[in-house]
Amino acid sequence: MKTKKIVIIGGGFAGLRAFYGLKHHKELDVTIIDKRSKSVEKPSLPEVAFSGKDVSKVLIDLKEIVEHHHGHYINDEVIKINPKLKHIHLKNGAKINFDYLIIATGAYKAFDAIKGFNEFGNSMCDEHHAVKLWEEIKDFKGGNVVIGTAKSVFGTRVKAPQLIAPCEGPIGEAMFMLDYHLRHKNLRDQSTIKVFTPGEIFFEDIGDHVRNKVGGVMQKRDISLHNNKVIVEITKNEIKYEDGTSMPCDLAIIIPPYKTFPLYKDSGLGDEAGFIPTDKTMKHLDYDAIYAVGDINALAQPKLGHIAIHQADIAVSAIMKEIKGEGEIIDFEPNVFCIMNMGGTDATLIYSDHLYNGTNDLAFHSPFAHMMKWGFDSYYFYTKGHMPPDFSMKATEKILSWFKTDKDKFIPFN
Ligand SMILES: Cc1cc2nc3c(=O)[nH]c(=O)nc-3n(C[C@H](O)[C@H](O)[C@H](O)COP(=O)(O)OP(=O)(O)OC[C@H]3O[C@@H](n4cnc5c(N)ncnc54)[C@H](O)[C@@H]3O)c2cc1C
């Protein structure tokens with residue numbers, strides 16, 4: 001007999017992680033609802049966009065895995081949530097009740113907020129844009145490339161860093177991978193690469209140590225950086241900014257503003273910007289049965305898969321503690337941990353808790369970092385959305401702790 005009904009909206013990084021965490025508890029009735037039939041492994045999208053990776057290698061069939069693990073999968077869109085009556089409405093008209101709800105829908109990427117994006121813009125934020133961008137890049141004969149992030153706005157109900165560009169890591173991958181591609185094709189001399197950020201500083205989620213290291217490589221590769229640039233429009237041959245300036249542009253690669261879905265404002269679940277405010281156990285500030293994890297959670301800054309996974313683990317531990325009274329609730333200790341591919345076998349692993357007043361701010365620039373990213377992507381894909389085992393993260397942390405004691409000696413960042 002199933003005891004509690006847990007519904008997860010969204011089968012991306014955070015939703016799948018929560019599902020895998022709950023599936024061990026056979027007495028629970030767990031459902032995933034996703035408007036997509038396949039989960040996208042977004043950290044691999046830059047490889048689709050800049051080196052032509054087969055897109056089928058970043059998509060995971062949700063029905064197959066959820067049903068294999070005795071969960072229920074519903075392929076539909078949630079259009080309304082009634083937090084008081086504890087039910088949700090689907091686009092197909094169905095109404096579903098829950099005892100606990102985990103919201104893991106990610107953020108809404110507002111391409112429509114940038115005038116001219118649909119005609120002249122490119123991105124790598126989903127598989128359709130990534131495939132289209134690779135088609136553009138394959139045929140690109142050189143010219144002015146502009147790469148950057150739009151400005152996002154967040155609410156104030158929870159105490160979290162207010163990042164104006166909440167996910168700039170993929171911009172780092174885009175500029176270095178494209179530079180590599182153009183050099184490889186002997187097109188670099190006929191091209192310029194300009195990178196812009198809406199922030200005072202680029203990569204505002206890391207500390208000066210790492211930022212300076214990345215900046216050094218940008219200089220070496222002749223990639224220029226332009227701060228405080230808020231994009232408003234893309235035309236056939238330029239990008240226009242809020243301050244009235246513009247840049248010539250033949251190929252625009254943009255991460256759009258991170259916004260939210262109207263559903264959260266309508267249901268009274270969002271903060272003033274529409275993101276979901278929770279406490280540090282990921283429980284909604286106003287509703288005990290509702291949790292939010294991943295990019296849609298107002299505490300999730302920057303918007304990173306690494307943080308989405310951590311939040312999913314916390315929510316599962318909190319729900320299980322409440323249902324069974326067992327275990328401990330995991331502490332929320334966010335940090336930036338990501339691997340930035342830079343073309344070929346070059347990559348940089350970044351580990352920083354600078355944003356959270358920590359002392360770690362490390363960059364490990366080496367083909368070894370590329371191998372780790374390849375290992376992660378392959379593991380995630382072939383195990384259908386599982387994270388590598390805990391010991392691999394512990395081993396990585398051990399290696400990083402050696403670097404920490406003697407940064408300059410051990411980190412071959414060149
Ligand atoms: C190009 C790119 C590269 C990145 N690289 C890295 C990296 O190297 N490392 C890293 O840590 N992070 C990286 N990130 C960030 C990372 O991908 C996100 O932080 C992560 O995907 C967030 O997970 P999520 O589960 O919150 O949302 P998502 O992964 O976006 O999943 C949300 C799911 O919810 C579903 N959904 C949405 N609304 C509804 C609805 N109303 N009804 C039903 N279903 C719905 C969607 O279909 C989707 O499947 C990258 C992001 C991008 C765009």
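**View 1. Asn-186 is exposed, with 9 other C-beta atoms within 10 Å.** Exposed here means that 12 or fewer other C-beta atoms lie within 10 Å of the residue's own; buried means 20 or more, anything in between is partly exposed, and the C-beta atoms are placed from the backbone. This is a predicted model, in which local features need pLDDT of at least 70 and side-chain atom pairs count only at pLDDT 80 or more, while totals for chains, interfaces and linings use all residues. Numbering starts from 1 along each chain as its sequence is written. Asn-186 sits in the loop between α6 and β13, where helices (H or I, at least four residues) and strands (E, at least two) are DSSP runs numbered from the N terminus. Its phi is near 55°, a positive value in a residue other than glycine. Most non-glycine residues have a negative phi, and most peptide bonds are trans.

**View 2. Asn-357 is another non-glycine residue with a positive phi, about 65°.** Look for Asn-357 in the loop between β22 and β23. Asn-357 is exposed, with 6 other C-beta atoms within 10 Å.

**View 3. Next to that loop, β22 (residues 347-352) and β23 pair in the antiparallel sense over five bridges.** Two strands count as a pair if DSSP finds at least two bridges between them. For a landmark, take Ile-350, which stands opposite Ala-363 in β23. Strand β23 (residues 361-365) is mostly covered, with five of its five residues buried. The burial applies to both faces: Asp-361, Ala-363 and His-365 lie on one side, with Leu-362 and Phe-364 on the other.

**View 4. Here's an open sheet of five strands, in the order β11-β18-β12-β13-β14, with parallel pairing.** Its edges are β11 and β14 (223-226), each of which pairs on one side only. Strand β11 (residues 121-122) runs parallel to β18 over two bridges, and Gly-121 has Ala-252 as its bridge partner there. β12 (residues 144-149) is also parallel to β18, through five bridges, with Ile-147 partnered by Ile-253. Another five bridges tie β12 to β13 (residues 192-196), again in parallel, and Val-145 is matched with Ile-193. Strands of a sheet pair through backbone hydrogen bonds, either parallel or antiparallel.

**View 5. Zooming in on β18 (residues 251-255), five of five residues are buried.** Leu-251, Ile-253 and Ile-255 point one way from β18, Ala-252 and Ile-254 point the other way, and all are buried.

**View 6. A hairpin joins β15 to β16 through three residues.** β15 (residues 231-234) and β16 (residues 238-241) run antiparallel, joined by three bridges. Ile-234 stands opposite Ile-239.

**View 7. A cis peptide bond between Gln-301 and Pro-302, omega about -5°, comes ahead of helix α9.** Pro-302 belongs to the loop between β20 and α9. The helix itself has 20 residues, which should span 28 Å at 1.5 Å a residue, and its end C-alpha atoms are 28 Å apart, so the two agree; the expected span is 1.5 Å times one less than the number of residues. Among the buried residues of α9 are Ile-307, Ala-308, His-310, Ile-314 and Val-316. Their cover includes β1 (5-9), α1, β9 (100-103) and β20 (290-292). Just after the helix, Gly-325 takes a positive phi of about 70°.

**View 8. Domain 1 (5-107 + 260-324) meets domain 2 (116-258), in a chain that also has domain 3 (335-414).** These bounds come from an automatic or database domain assignment. In all, 24 residues of domain 1 are in contact with 27 of domain 2, contact being C-beta atoms, placed from the backbone, within 7 Å. α2 gives the most to the domain 1 side, with six residues. By class, that side has 18 nonpolar, three polar and three charged residues. Nonpolar covers Ala, Val, Leu, Ile, Met, Phe, Trp, Tyr, Cys and Pro; charged covers Asp, Glu, Lys and Arg; the others, Gly among them, count as polar. The C-alpha centres of the two domains lie 28 Å apart.

**View 9. Of the 36 residues around the ligand, Gly-10, Gly-12, Gly-106, Gly-294 and Gly-305 come nearest.** A residue is near a molecule if its C-beta atom, placed from the backbone, lies within 6 Å of it. The elements giving two or more residues to this shell are α1 (13-22), β2 (29-34), α2 (45-51), α6 (169-184) and α9 (305-324). Domain 1 and domain 2 each supply at least three residues. The shell divides into 18 nonpolar, 11 polar and seven charged residues.

Key
Contact = placed C-beta atoms within 7 Å.
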